[in-house]
Amino acid sequence: MPRRNRRDDAGQPLDQDLARRGVQAVQAWSDGEWLVRAIPGKASVKTYRCPGCQQEVAPGVAHVVAWPADGRGDATDRRHWHSGCWRSRDRRRPTSRYW
Ligand SMILES: [Zn+2]
């Protein structure tokens, strides 16, 4: 059965339930749905490895955290991406087996 509570319109207000968990958006990609959260630069205090380009996401750089929406992973499955790398994910698909 199709799920009727999907929000495909990015302009819609967030679900309260999702907002409470700190989830910014649910995005449907060719490989499934992803929960995506934007991290402002001032909230980024660690160095991460971007799975898109294998380069570092330096502290203070606004970026995106994404993880599978379908329960395949848990919090440890979150990946920190450069915002641009995430947006171009379909074109620059990671070769790593994480995905
Ligand atoms: Zn990157």
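Student: Is C50 buried or exposed?
Tutor: This is a predicted model, and the value is computed from it. The cut-off for buried is under 20% relative accessible area. C50 has a relative accessibility of 0%, so C50 counts as buried.

Student: Which protein atoms are the donors of the zinc ion?
Tutor: C50 is one of the donors. Every donor lies 2.0 to 2.3 Å from the zinc ion. Three cysteines give SG and a histidine gives ND1. The donors are C50 (SG), C53 (SG), H82 (ND1) and C85 (SG).

Student: What spacing do the donors of the zinc ion follow along the chain?
Tutor: Read the donors in order: C50, C53, H82, C85. The pattern opens with C-x2-C, and H-x2-C closes it. Between these two parts stands x28. The full spacing is C-x2-C-x28-H-x2-C.

Student: What is the geometry of the site of the zinc ion?
Tutor: Four donors count as tetrahedral if all angles lie between 85 and 135 degrees. Here the angles among the four donor atoms are 102 to 118°. The ideal angle for four tetrahedral donors is 109.5 degrees. The site is tetrahedral.

Student: Which residues of strand 6 are buried on each face?
Tutor: Strand 6 covers residues 79-82. In a regular strand, side chains alternate between the two faces of the sheet. Both faces of strand 6 are covered. The buried residues are R79 and W81 on one side, and H80 and H82 on the other.

Student: What is the relative accessible area of H80, and with which side chain does H80 make a polar contact?
Tutor: H80 sits in strand 6. H80 is buried because its relative accessible area of 18% is under the 20% cut-off. H80 also touches residues distant in sequence, including Y48, C50 and V57. So the area is 18%, and the polar contact, at 2.9 Å, is with the side chain of H63.

Student: Which residue stands opposite H80, and in what sense do strand 5 and strand 6 pair?
Tutor: Strand 5 spans residues 63-68. Four bridges join strand 5 and strand 6. V65 stands opposite H80, and the sense is antiparallel.

Student: In strand 5, which residue is the bridge partner of V36?
Tutor: Strand 2 and strand 5 run antiparallel, joined by six bridges. On the other pairing of strand 2, with strand 1, A25 stands opposite V36. In strand 5, the bridge partner of V36 is A66.

Student: How many residues lie between strand 1 and strand 2 in their hairpin?
Tutor: Strand 1 (residues 25-29) and strand 2 run antiparallel, with five bridges. They form a hairpin. The number of residues between them is two.

Student: Which residues make up the largest nonpolar core?
Tutor: Nonpolar side chains tend to be buried together in soluble globular proteins. W34 is an example: W34 lies in strand 2 and is buried, at 2% relative accessible area. The core has ten residues: W29, W34, V36, C50, V57, V64, A66, W81, C85 and W86.

Student: Which elements each supply at least two residues of this core?
Tutor: The core includes W34 and V36, V64 and A66, and C85 and W86. The elements are strand 2, strand 5 and helix 2.

Student: What pattern does the protein follow along the sequence?
Tutor: There are two helices and six strands. A helix stands at each end of the pattern. The order is α-β-β-β-β-β-β-α.

How values were computed
Residues numbered from 1 in each chain as written. Predicted model: local features only at pLDDT ≥ 70, side-chain atom pairs only at ≥ 80, totals over all residues. Heavy atoms only, no water. Buried < 20%, exposed > 50% of the residue type's maximum accessible area, 1.4 Å probe, protein only. Pairing = 2+ DSSP bridges. Donors = N, O, S within 2.8 Å, 3.2 Å for Na, K, Ca; no water. Tetrahedral: all angles 85-135°; square planar, octahedral: opposite > 155°, others 65-115°. Core = buried A, V, L, I, M, F, W, Y, C linked by side-chain atoms within 4.5 Å. Polar contact = N/O pair within 3.5 Å; in protein donor to acceptor, adjacent residues only side chain to side chain. Contact = heavy atoms within 4.5 Å. Lists of a residue's contacts leave out its neighbours within four places in sequence.
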